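The following paragraphs walk through a molecular model for someone meeting it for the first time. Have the sequence and the view at hand while reading.

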Amino acid sequence: MEADEGKLSVIIDKYDGDRSYLLAMLQDIQREYRYVPEEAVRYLCGQLRIPLAKAYEVVTFYKTLSLKPRGRHTIHVCLGTACHLRGGPGILETFERELNVQTGDTTENGLFTLETVNCLGACALAPLVRVEEKDFGKTTPANAKKIIREFHDGEEL
Amino acid sequence: MMASRERLYAIGADYRKAISGYDKIVKICCGTGCISSGALTVYDELQRVLSKRGLSSKQILVKKTGCHGLCERGPIVVFGDDEILYQNVGKRNIERDIAALLATINEDKIEDELLYKGDDKTKRYMSSFDIPFYSGQTRIVLSLNGVIDPENIEEYVGYGGYKSLHKALQMNPMEIVDLIEKSGLRGRGGGGFLTGFKWRSCRQAQGLPKYVVANGDEGDPGAFMDRSLMEGNPHGILEGMIIGGFAIGSNHGFIYVRDEYPLAVYRLSKAIDEARHHGFLGRSIMNSGFDFDISIFRGGGAFVCGESTALISSIEGKSGEPRAKYIHTTEKGLWGKPTNINNVETWSNVPYIIDRGWEWFQSIGSDRSKGTKVFSLVGKVKNTGLIEVPMGVSLREIIFNLGGGIQGDKKFKAVQTGGPSGGCIPEEFLEIPVDFDSLTKLGSMMGSGGMIVMDERNCMVDVARYFLKFLIEESCGKCTPCREGVRRMHEIVDRICRGDGSMGDIEHLEELGKAIQLSSLCGLGQSAPNPVLSTIKFFREEYRTHVQEKKCPAGVCKNLITVSILPERCTGCMRCAVECPVDCISSEKKEIHGIDQSLCTKCGTCFDVCRFGAVKIS
Ligand SMILES: Cc1cc2nc3c(=O)[nH]c(=O)nc-3n(C[C@H](O)[C@H](O)[C@H](O)COP(=O)(O)O)c2cc1C
Ligand code: SF4
Ligand code: SF4
Ligand code: SF4
Ligand code: FES
Ligand code: FES
């Protein structure tokens with residue numbers, strides 16, 4: 001992709017081009033593109049006058065930043081302790097099988113990215129699955145399949 | 001706008017006047033748990049129906065609050081000053097429940113169906129004061145959670161907020177430090193370090209400017225106390241930090257919150273804006289001449305960033321690698337300047353101590369652990385949620401009285417405290433008082449307050465493997481014992497779970513664990529072996545069975561179990577077949593079911609859903 005310099009400048013200006021806000025800028029970029037495109041990192045480093053390696057060190061260190069493009073919907077399966085104990089791994093397996101992807105990857109049609117998280121803070125509803133803003137509590141393998149259908153519906157495949 | 005004492009009273013008075021104009025107050029819990037169960041729909045529907053009707057002769061205030069505690073039974077709706085508590089509102093039938101809420105609002109009619117039911121299913125509890133989950137608690141930092149609208153500063157002030165700040169600003173900073181020290185408050189972020197002592201070293205440290213930081217990273221999986229505080233009562237944290245800043249001699253505060261907590265970030269930002277607007281933040285706070293401001297820093301979701309030196313690197317815009325602590329952060333922290341980091345809950349305690357005095361705080365809790373502690377009680381317990389208890393109450397009290405015992409009346413097996421740095425505590429120690437020192441003595445930890453209850457269907461070796469895997473992923477990789485050692489421990493435990501364990505593995509794990517504890521650079525590595533060492537200590541037999549007999553008594557480790565259906569018990573209800581994720585259960589209605597062993601992934605779902613005990617795991 002081409003880095004949209006206009007958009008990136010807005011982000012950089014928001015922090016007055018202060019390098020110590022590198023992480024915050026990268027988070028904003030991630031929010032804009034749903035991942036951190038290489039071109040955006042290059043542009044950012046140029047503007048802030050920092051080596052590319054430094055930005056990559058930060059991008060790869062933090063979990064919430066991703067260098068890979070993501071699908072239209074990201075399915076977050078919680079594997080925090082409460083969710084692990086109440087059957088989270090089985091839910092993850094079901095998604096992997098039904099979507100035919102490995103955790104961390106995106107389906108071929110670009111519709112779903114499957115990811116795990118370490119607690120979404122609603123442990124009472126374990127095992128928890130989050131798709132976009134929507135949470136699905138006390139998930140079972142059967143409703144994992146329903147979740148896929150819910151977000152498939154109305155979408156071209 | 002400058003806030004003076006008069007202004008503070010005026011805000012409070014305005015609020016009380018506004019509130020007295022309402023006939024009914026309806027509080028809808030909009031903490032993360034309840035939102036996940038559909039609380040926002042309940043709120044929107046109720047508002048819609050109320051405004052459409054417009055006929056009610058009564059003035060009704062419907063407000064969104066932070067977590068009320070009983071997340072398992074959310075969405076929670078509370079009337080007045082907790083006189084009526086409804087649970088599971090809108091879960092089964094939203095229209096019927098909205099109608100019930102209206103009937104309560106208009107005619108004071110109580111809907112039995114929505115009340116909390118006791119264990120025997122006959123007793124219903126009307127008010128939260130009577131429900132054992134609540135009546136066993138002492139709420140200090142949570143006292144306004146679930147009560148006030150966190151997005152409205154007037155409510156906070158109306159309930160006495162920022163009064164302590166005003167009081168503190170009349171005091172001598174050193175007097176405040178003394179008072180916090182005498183109260184016995186210890187840090188709630190895990191280590192249990194004496195807060196007043198830390199403040200004193202930071203106050204006395206050379207160098208300007210000084211910084212105060214609230215650690216709201218909360219990387220512990222299965223813990224949501226800090227999040228609930230940030231979402232439910234953000235001003236309480238701000239007030240604590242401003243007082244701390246004044247006592248220490250700092251004009252700059254940071255709150256470090258992880259990016260995965262968007263609601264917490266939003267509510268904290270809003271609170272900061274409102275506090276600034278009313279003159280509780282900014283220049284010459286409450287006309288005292290003291291300047292202080294707070295910014296939010298969004299972390300990137302790395303567990304190690306909760307560690308204080310890593311957190312500092314992270315705020316400085318670097319990756320979050322810890323450094324050795326020869327020099328304390330109180331002397332050289334953020335940008336090389338004296339920095340005082342406290343956990344969010346620690347800060348929240350401060351206004352209460354200023355308000356009621358150190359003697360009061362000191363009178364709560366156990367010998368060397370003063371005050372209360374907030375726990376997130378989760379796992380296989382009936383009432384999962386957020387609780388606050390005086391330190392020193394027993395584990396049994398927490399799990400069986402407040403928590404209501406084990407789900408499905410299964411057998412209690414262990415409780416895990418302290419997250420990845422802690423350990424598992426078995427039944428024989430249920431009577432021990434929960435405080436910093438007793439938990440440490442058992443090889444576990446208070447940690448930040450996650451309490452995860454396990455039953456007979458949880459395998460302790462699997463739990464150990466779970467934490468090791470978590471820690472491998474979260475280790476920053478800077479030092480060898482942690483980077484390589486924890487990985488090696490995981491390999492061994494994983495092998496045991498897969499049925500390839502050999503004699504000597506357990507002893508090897510113990511040796512390796514001790515070496516890692518002694519030689520790692522930061523707290524992550526130093527405590528990483530705890531989950532393994534404590535499970536070996538208390539459940540050695542379970543390890544031995546895995547290694548020698550190649551069996552998993554809890555029925556979790558896949559290579560060591562088979563799942564089958566007992567023909568004599570199966571009723572042919574088809575429940576298991578519907579839930580089986582790989583459709584490997586042959587089924588005809590009313591016929592005995594069978595499992596195709598070649599396809600079965602041994603997930604145990606059929607076991608968990610069968611109501612007739614017809615599934616056997618062996
Ligand atoms: C690996 C690791 C993770 C930590 N995570 C947190 C955390 O998420 N929140 C927190 O307040 N403290 C955390 N701590 C403890 C902090 O380093 C620090 O002791 C604490 O924030 C100090 O505040 P307190 O004195 O109020 O407890 C962590 C420590 C380690 C070693
Ligand atoms: S102990 Fe682990 S997390 Fe801590 S510095 Fe060493 S490698 Fe990093
Ligand atoms: S759920 Fe139990 S009783 Fe029902 S069909 Fe399955 S094994 Fe048989
Ligand atoms: S254990 Fe899981 S995969 Fe095997 S039969 Fe039961 S539900 Fe199906
Ligand atoms: S462990 Fe999954 S939401 Fe907390
Ligand atoms: S989120 Fe509503 S009770 Fe916890």
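**Around the ligand, then chain A**

A polar backbone atom of B:Arg188 sits 3.4 Å from an oxygen atom of ligand 1. This is a predicted model, and every distance here is computed from it. Two other residues of chain B also place polar atoms by ligand 1. B:Asn215 does so with its side chain, where a polar atom is 3.0 Å from an oxygen atom of the ligand. B:Ser308 uses its backbone instead, with an N or O atom 3.1 Å from an oxygen atom of ligand 1. Ligand 1 on its own would expose 610 Å², and the protein buries 88% of that area.

The surroundings of ligand 1 comprise 18 residues. Those that come nearest are B:Gly189, B:Glu218, B:Asn342, B:Asn343 and B:Thr346.

Chain A can be read next, starting with its secondary structure. It contains seven helices and four strands. Followed along the sequence, these elements come in the order α-α-α-α-β-α-α-β-β-β-α. Four helices thus open the pattern before a strand appears, and a helix ends it.

The C-alpha trace of chain A spans about 50 × 35 × 25 Å along its principal axes. Of the 157 residues in chain A, 55% are buried. Where contacts link residues of chain A at least 6 apart in sequence, 60% of them join residues at least 24 apart.

The surface and charges of chain A complete the tour. About 7200 Å² of chain A is exposed, with 48% of this supplied by carbon and sulfur atoms. Chain A carries 20 positive and 24 negative charges, and the mean positions of the two sets are 6 Å apart.

Conventions. Residues are numbered from 1 along each chain as its sequence is written. Chains are lettered from A and ligands numbered from 1 in the order in which they are written. This is a predicted model: local features need pLDDT of at least 70, side-chain atom pairs count only at pLDDT 80 or more; totals for chains, interfaces and linings use all residues. Side-chain values use heavy atoms; hydrogens and water are left out. Helices (H or I, at least four residues) and strands (E, at least two) are DSSP runs, numbered from the N terminus. Buried means under 20% relative accessible area, exposed over 50%, partly exposed in between (1.4 Å probe, protein chains only). Contact means heavy atoms within 4.5 Å. Accessible areas come from the Shrake-Rupley method with a 1.4 Å probe; for residues, only the protein chains shown count as cover. Lys and Arg count as positive and Asp and Glu as negative; His and the chain ends are not counted. The place of a charge is taken as NZ of Lys, CZ of Arg, CG of Asp or CD of Glu. A residue is near a molecule or strand if one of its heavy atoms lies within 4 Å of it. A polar contact is a pair of N or O atoms within 3.5 Å; within protein, one must be able to donate a hydrogen and the other to accept it, and residues adjacent in sequence count only if both atoms are side-chain atoms.
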